Amino acid sequence: MYLPLHNASNRKYFIKIPIKKLGLCTVSLPLFAFITCVFITLYKDFEVANNTHCNVPNVFPSISASIGSYEPQRTIWRLAIYIHAPLRFFIIYLRWDYYRKTISQNCIFVVKLAVFLNIIENLSLIGLTHWTSSQYYPFHEACFKTFIGTSIFYMLFTCMMLTKYRRRATQTDLEIYSMKLKWRAFFVNVASFAFAAYFFLRHNRLCEPYVYSMFGFSEYIVVISNIMFHMTTVYDLRSQYIYFTRKGFVID
């Protein structure tokens, strides 16, 4: 493994990509796709997307309706998830390397478990994207539940590891800031999921106006807080660039 030369005329790489920008692009793609799908649904499919078995007024469609029931929203969401998936798995590899260097050796089992949960989280995200609720509800439901469960426990284990089991007792200002954001995103994610479950059950039981909209809005916060948690990875990664060479690529 070699490092590229600073002299541009003698450099041994032909493409250099900043890791932090790659990470931001990776998590931003599904975020912008999600926001786009919701706004298109509100503009183009408002009535049908907010129609439920209760036949009561609502203003916010569910995520499943926004990303999987109508076109072009379904295509926009699928393209975003399929394009960002390989990059997401690459970021998992970088995160795994970061954990191994940062977390105490005594906690290696939890590190492996957290990485495993992160992998399953991403696979279930691909699954719930491929199997939409309107066409393959049982598969979509199973993937959605798996996604929620694995993402919550992954966030919890990550926060615990980086708070209590670091090899170094001291932290940089950036690491402290990253941990604050992680804990906040985790608590917001759990709280919003609890609200979403409550509003969903209440809607099905009482059929009150706008309760399903509160469920949909809570879902939005679940998704955004999950993305914000993963976005903190850019503060953690120590590698600076990916250098693409004629022999492959080098991470430095």
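1. A residue counts as buried when its relative accessible area is under 20%, as exposed when that value is over 50%, and as partly exposed in between. Tyr220 has a relative accessible area of 7%, so Tyr220 is buried. The model discussed here is predicted.

2. On the overall fold: the protein has nine helices and three strands. Their order along the sequence is β-α-α-α-α-α-α-α-α-α-β-β. Along the principal axes, the C-alpha atoms fill a box of roughly 65 × 40 × 30 Å.

3. On packing and surface: the protein has 252 residues, of which 46% count as buried. If one takes the contacts between residues at least 6 apart in sequence, 75% join residues at least 24 apart. The accessible surface is about 13,600 Å², and carbon and sulfur atoms account for 67% of that surface.

4. On charge: there are 26 positive and 12 negative side chains in the protein. The centres of the two sets lie 12 Å apart.

5. One charged residue deserves a separate entry. Asp236 lies in helix H9, which covers residues 233–236. Its relative accessibility is 8%, so Asp236 counts as buried. Leaving aside residues up to four places away in sequence, Asp236 touches Tyr98, Ser178 and Lys182. With Lys182 there is also a polar contact, side chain to side chain, at 2.5 Å.

6. On aromatic rings: the count comes to 17 aromatic pairs. One of them joins Trp183 and Phe187, with 5.6 Å centre to centre and 25° between the planes, and is stacked. Both residues lie in helix H7 (residues 173–206), four residues apart, or about one turn of the helix. Trp183 has a relative accessible area of 25% and is therefore partly exposed. Phe187, at 51% relative accessibility, counts as exposed; the cut-off for that class is over 50%.

7. A further pair is formed by Phe217 and Tyr220: the geometry is edge-to-face, with 6.3 Å centre to centre and 65° between the planes. Why are Phe217 and Tyr220 separated by about one helical turn? Because they are three residues apart in helix H8 (residues 211–231). Phe217 is at 38% relative accessibility and so counts as partly exposed, whereas Tyr220 is buried at 7%.

8. The Phe217 and Tyr220 rings also belong to a cluster. Ring pairs link these two residues with Phe34 and Phe60.

Methods: Residues are numbered from 1 along each chain as its sequence is written. This is a predicted model: local features need pLDDT of at least 70, side-chain atom pairs count only at pLDDT 80 or more; totals for chains, interfaces and linings use all residues. Side-chain values use heavy atoms; hydrogens and water are left out. Helices (H or I, at least four residues) and strands (E, at least two) are DSSP runs, numbered from the N terminus. Buried means under 20% relative accessible area, exposed over 50%, partly exposed in between (1.4 Å probe, protein chains only). Contact means heavy atoms within 4.5 Å. Accessible areas come from the Shrake-Rupley method with a 1.4 Å probe; for residues, only the protein chains shown count as cover. Lys and Arg count as positive and Asp and Glu as negative; His and the chain ends are not counted. The place of a charge is taken as NZ of Lys, CZ of Arg, CG of Asp or CD of Glu. A polar contact is a pair of N or O atoms within 3.5 Å; within protein, one must be able to donate a hydrogen and the other to accept it, and residues adjacent in sequence count only if both atoms are side-chain atoms. Rings of Phe, Tyr and Trp (its six-membered ring) pair if their centres lie within 6.5 Å; planes under 30 degrees apart count as stacked, over 60 as edge-to-face and the rest as tilted.
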